[in-house]
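Trainee: I would like to learn how to read a structure that I have not met before. Could you take me through this one, feature by feature?

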Amino acid sequence: MFQTKLCEILNIQYPIIQGGMAWVATAELAAAVSEAGGLGIIAAGNAPAEVVEQEIKKAKALTDKPFGVNIMLLSPFVEEVVDVVCREKVSVVTTGAGNPGKFMGRFKEIGTKVIPVVPSVALAKRMEKLGADAVIVEGTEAGGHIGELTTMVLVPQVASEISIPVIAAGGIADGRGFLASLSLGADGVQIGTRFICAEECVVHDNYKQMVIKAKDRDAIVSARTTGHPVRVLKNKLTKEFSQMEKAGATIDEIEKLGVGKLRLAVVEGDIENGSVMAGQIASMVKEIQPCGEIIEDIINGAKEQLNILSQYKKEE
Ligand code: TUI
């Protein structure tokens, strides 16, 4: 059930992709999601190419299933990371925070599937023309670096304009969100925040507990004035950001405050001074579970929801 075109293209059992979250999405998480029938993704983030290479090798040792690498296009090491991903012939590449056009030809040449994150219809159309295999349509509900439009409005608009598969992202954590995404025209979903709380995820336990305790309005947008808005959970750092912005600090000064802060939260567990990136759906994540259980719960939830909705068919 729910075997979409995306499953065929990526050779996976369920059309569920794990988000490429910097520092969070290591080989352990990616391999566990792939083993559970989804598509696991290693996040390159701002890591040097050697680190990404090690993670790819680790994931290959942990699973025979396909997995992907997310390339963050603002990384200072982007060129070297692309070289490593090509050398290692990774099955799938997702990209974020920019236009991957200049690298597309190299991935296509070696048969690597390319799935860019797009925050607009225009970029989705451009990516299809350049040969993208699918697009991830990410709404502003997502965690981390975000675009302007919501998942609800962006997914159907993109799905109406392109023929390649659409993957909905931002604000999805359970079977209802999964099924809603398919209703909007998506062929699958990308889920980030719920996988932060996977047992196999290496994130510091303080970070996982902060996601679990989060309420509906806790995931706010920080650093808007820099042009690179980031959704994070409210804490001491977000207060400092907002005070600086109110005081009219320069983009450089604000960006400097953010340096190293994701690592501080993820690795050190400093969830007051660190950047705790998470999506608006954080409050729906209630427990730490293995990836297999998370995927099973999403698929079973979607089946149940489909049953509930079928009553409207009978009423016709
Ligand atoms: O990339 C993400 N999420 C991220 S990246 C990240 S690391 C970072 N930290 C601080 C500042 C910037 C990055 C943390 N979270 N999601 C995918 C995503 N891509 N969201 C939005 C975009 C995007 C934005 C503009 C994709 C393409 C784009 O294109 C602009 C253009 O060139 O047309």
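Mentor: We will go from the sheet to its crossovers, then to the ligand, and finally to two single residues. Please keep in mind throughout that this is a predicted model.

Trainee: What is the order of the strands in the open sheet, and which strands are at its edges?

Mentor: To read a sheet, follow the strands from one side to the other and note how each is paired. Here the open sheet has eight strands in the order β1-β9-β8-β6-β5-β4-β3-β2, and the pairing is parallel. The edge strands are β1, residues 16–18, and β2, residues 40–43, each of which pairs on one side only. On average, neighbouring strands of this sheet are turned by 25 degrees against each other, direction ignored.

Trainee: How many bridges join β6 to β8, and which residue is the bridge partner of Val135?

Mentor: Bridges show residue by residue how two strands are matched. Strand β6, residues 135–138, runs parallel to β8, residues 166–169, and four bridges join them; within this pair, Val135 has Val166 of β8 as its bridge partner.

Trainee: How do I read the part of the chain that leads from β2 to β3?

Mentor: Look at the two strands and at the helix that links them. Strands β2 and β3 run parallel and are joined by four bridges, and Ala43 stands opposite Asn70 in β3. The chain passes from β2 through α3 to β3 in a β-α-β crossover that is right-handed. Helix α3, residues 49–62, lies across β2 and β3, and its direction makes an angle of about 165 degrees with β3.

Trainee: Why is β3 described as largely enclosed by the rest of the structure?

Mentor: The reason lies in the burial of its residues: five of the six residues of β3 are buried, so the strand is largely enclosed by the rest of the structure. On the way to the next strand, β3, helix α4 (residues 78–87) and β4 form a right-handed β-α-β unit. Five bridges join β3 to β4, residues 92–96, and these two strands run parallel, with Ile71 standing opposite Thr95 in β4.

Trainee: Which residues come nearest to the ligand?

Mentor: Begin with the residues around a ligand, then look for its polar contacts. There are 15 residues around this ligand, of which Ala97, Gly98, Val117, Glu138 and His145 come nearest. A ligand nitrogen lies 2.9 Å from a polar backbone atom of Ala97, and a nitrogen atom of the ligand is likewise 2.9 Å from a polar backbone atom of His145. With Glu138 the side chain takes part, as one of its N or O atoms is 3.2 Å from a nitrogen atom of the ligand.

Trainee: Is Glu55 buried or exposed?

Mentor: Relative accessibility decides this, with under 20% taken as buried. Glu55, which is found in helix α3, counts as buried because its relative accessibility is 14%. Its side chain reaches the backbone nitrogen of Ala27 at 2.7 Å, and, apart from neighbours within four places in sequence, Glu55 is in contact with Thr26, Ala27, Glu28 and Ile42.

Trainee: Where is Ile164, and what is it in contact with?

Mentor: Ile164 has its place in the loop between α7 and β8, and with a relative accessible area of 17% this residue is buried. The C-alpha atoms of Ile164 and Ala134 are separated by 5.2 Å, although the two residues are 30 apart along the chain. Leaving aside neighbours within four places in sequence, the contacts of Ile164 include Asp133, Ala134 and Val135.

Terms used
Residues numbered from 1 in each chain as written. Predicted model: local features only at pLDDT ≥ 70, side-chain atom pairs only at ≥ 80, totals over all residues. Heavy atoms only, no water. Pairing = 2+ DSSP bridges. Axes fitted to C-alpha atoms, helices over the stretch in contact; angles between N-to-C directions. Contact = heavy atoms within 4.5 Å. Buried < 20%, exposed > 50% of the residue type's maximum accessible area, 1.4 Å probe, protein only. Right-handed = clockwise from strand over helix to strand, strands pointing away. Near = heavy atom within 4 Å. Polar contact = N/O pair within 3.5 Å; in protein donor to acceptor, adjacent residues only side chain to side chain.
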